[in-house]
Amino acid sequence: MDYAVTAQQMKAIDQNTIKNIGIPSMVLMERAALAVAEAAEHMAKERNLGKKARILAVCGTGNNGADGVAAGRILQGRGYNVSLLFVGNPEHDSEEMKAQKQIARNLDLAQCAAAEYQEAPCDIILDAMFGIGLGREIGGEYRKVLEMLASLREQYGTGVIAVDTPSGIHGTTGEVMGIALEADITVTFGFAKTGLLLYPGKHYAGDLVVADIGFPQASLLKSGWDAKLITPDDLSWLPKRQPDGNKGTFGKVLVIAGSRGMSGAAYFSALGAYRTGAGLVKILTVPENRQVLQTQLPEAIVSCYDPDQEESMQKILETECAWADVIVAGPGLGQEAYTEYLLETVLSDAYVPIVLDADGLNCVASHPYLTRYFTENIIITPHMGEMSRLTSVSIADLKRDPLEEARAYSARYGTVCVLKDAVTVITDKDGAAWINQSGCSAMAKGGSGDVLTGVIAGLLARGMDGAEAAAFGVYLHGRAGEYAAAALGENSVLATDLADSILKED
């Protein structure tokens with residue numbers, strides 16, 4: 001498991017490492033500079049420039065700027081043509097920056113102030129103007145320099161390597177602070193910063209490299225982290241299939257989904273649950289969907305209720321909910337009058353985990369009193385539009401800080417929240433969070449979310465607890481999308497392909 005930290009947490013990690021553990025700042029800086037220099041050498045090689053690469057290190061006054069100076073000095077020592085460009089008032093230089101400047105002078109490394117710089121073509125820019133501490137909009141001299149660097153990038157195809165964080169990006173939220181320089185590669189130190197994993201920061205960061213520069217685990221444990229990041233190595237945590245198990249061993253999933261003429265969502269959710277390893281899946285739907293579902297997915301049990309017969313529907317719901325180990329409610333359910341009664345019956349009577357999705361969430365948004373039935377057994381899986389309806393917060397505001405919005409909802413209602421977007425975040429009632437880093441644009445197709453709902457239900461059926469099932473479900477779903485896109489091309493992936501690719505690599 002990897003970890004993402006906020007700017008404040010990273011500062012605490014840095015200070016604890018230097019002051020309490022005793023690793024000197026200049027030692028950490030040298031390792032950081034080496035990582036940046038290696039990225040620059042790799043870029044020069046990829047672009048067939050070799051030692052001919054012209055490298056401009058643009059350095060602010062703080063320790064981020066000092067990292068840039070040190071990286072430039074290392075690259076000059078390896079035979080590259082390096083120039084340093086200093087931005088900001090030198091009277092504000094940090095002690096480390098003063099030391100790195102003196103070393104650079106001792107080695108006759110070419111340097112000038114921003115006011116004296118004559119714009120010239122270069123092959124690689126080391127962006128070391130601002131680090132993770134940026135908390136205000138960029139203006140004045142700094143803005144002019146960023147505009148000039150963006151012009152170089154556009155005119156000459158200059159490669160940009162951001163040092164720790166792209167200048168202009170908020171290290172915690174990923175917001176653009178007025179202006180930002182887009183990087184091809186960001187070399188960040190110690191741990192991923194939350195703002196580099198969420199949009200728009202993720203876009204500006206380019207390819208993210210997390211460099212180990214010597215921060216000990218003890219410093220992370222003392223400061224804490226913002227979110228966890230699931231990695232391929234973590235797939236070993238998934239429940240194993242007992243060799244002597246039977247279909248009941250691997251859990252029973254009830255999928256309450258599909259209104260008249262809307263059988264597809266029920267099919268995708270059921271297929272997702274089966275592909276993730278659930279032993280039995282039963283679809284509870286309207287009679288009109290029985291034949292097509294039995295044809296599409298003969299492995300599933302299909303049970304029906306008549307939405308026009310409220311009393312008999314209640315009895316069927318109670319019986320089927322008692323059968324299930326996990327319940328999915330909402331995909332393709334529609335917004336007819338009976339949906340409210342159906343959902344209230346399920347939420348009030350069921351004592352097993354419930355994955356609430358799609359029209360189930362829209363019903364809650366229309367009838368907020370249903371949240372009184374929410375417990376820690378509920379996992380909600382809204383996309384941004386559904387979350388906006390649930391919270392009355394605009395999509396733009398949700399996107400501004402999705403992690404905190406999801407945390408707030410989980411804390412208020414005690415649920416696990418899977419807030420779906422280009423980067424999906426998962427939170428629980430205790431404030432724990434995961435930021436998903438798998439997936440691709442091929443997954444932006446109808447039915448994809450229904451498959452995810454089934455995947456989460458399948459993991460719950462196999463015994464994972466709510467938050468971990470949600471986090472791993474999102475990760476596996478994203479991996480399946482990557483696998484399917486590699487096999488079929490990004491334009492050709494369908495929801496069925498996603499379901500069929502779940503756990504295929506493992």
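This is a short tour of a predicted model, stop by stop, with something to select at each one.

**The whole chain**

Start zoomed out. The C-alpha trace spans about 85 × 45 × 40 Å along its principal axes, and the protein carries 18 helices and 19 strands. Of the 506 residues, 57% count as buried. Residues 24 or more positions apart account for 74% of the contacts with a separation of 6 or more. Switch on the surface and you are looking at about 20500 Å², with 48% of that belonging to carbon and sulfur atoms. If you colour by charge, there are 42 positive and 63 negative charges to find, and their mean positions lie 4 Å apart.

**Select 310-323 and 337-349**

These are helices α10 and α11, whose axes come within 10 Å and cross at roughly 35°. The crossing is right-handed. Show side chains to see who meets whom: from α10, the residues include Met313, Leu317 and Cys321, and from α11 they include Tyr338, Leu342 and Val346. Why might the α10 residues in that list come at such spacings? An α-helix has 3.6 residues a turn, so residues three or four places apart point the same way.

**Add 359-366**

Now bring in α12, where six of the eight residues are buried. Asp359, Gly360, Leu361, Asn362, Cys363 and Val364 are the ones to highlight. What do they pack against? Keep α11 on screen and add strands β14 (326-329), β15 (354-356) and β16 (378-380), plus helix α13 (384-391).

**Move on to 384-391**

Helix α13 is mostly covered too, with six of its eight residues buried. Pick out Met384, Gly385, Glu386, Met387, Ser388 and Leu390. Their cover includes α12 and β16, along with α14 (395-400), α15 (402-413) and β17 (416-419). After the helix comes Ser392, with a positive phi near 60°.

**Jump to Thr194**

Leave Met313 of α10 labelled and select Thr194: the two C-alpha atoms are 46 Å apart, with these positions 119 residues apart along the chain. Thr194 sits in the loop between β8 (192-193) and α6 (201-205). Is Thr194 buried or exposed? Its relative accessible area is 1%, so Thr194 is buried. Beyond its neighbours within four places in sequence, Thr194 touches Ala4, Val5, Thr6, Gly171, Thr172, Asp226, Leu403 and Ile435.

Stay in this loop between β8 and α6, which also holds Pro200. The peptide bond joining Tyr199 and Pro200 is cis, with omega about 5°.

**Select 264-275 and 448-461**

Here is another helix pair, α8 and α16, with axes 6 Å apart and an angle of about 35°. α8 passes α16 in a right-handed crossing. Ala265, Phe268, Ser269, Gly272 and Ala273 are the α8 residues in the meeting, while those from α16 include Val451, Gly454, Val455 and Gly458.

**Two backbone stops to finish**

Most residues other than glycine have a negative phi, and most peptide bonds are trans. Asp108 has a positive phi, near 55°, and is found in the loop between α4 (95-106) and β4 (110-113). With 68% relative accessibility, Asp108 counts as exposed.

Last, go to Leu503, in the segment after α18 (495-500). Phi is positive for Leu503 as well, near 60°. At 21% relative accessibility, Leu503 counts as partly exposed, since buried means under 20%.

Key: Residues numbered from 1 in each chain as written. Predicted model: local features only at pLDDT ≥ 70, side-chain atom pairs only at ≥ 80, totals over all residues. Heavy atoms only, no water. Helix = DSSP H or I, 4+ residues; strand = E, 2+ residues; numbered from the N terminus. Buried < 20%, exposed > 50% of the residue type's maximum accessible area, 1.4 Å probe, protein only. Contact = heavy atoms within 4.5 Å. Areas by Shrake-Rupley, 256 points an atom, 1.4 Å probe, with all protein chains shown as cover. Lys, Arg positive; Asp, Glu negative; His and termini not counted. Charge placed at Lys NZ, Arg CZ, Asp CG, Glu CD. Axes fitted to C-alpha atoms, helices over the stretch in contact; angles between N-to-C directions. Left-handed = near helix turned anticlockwise from the far one by under 90°.
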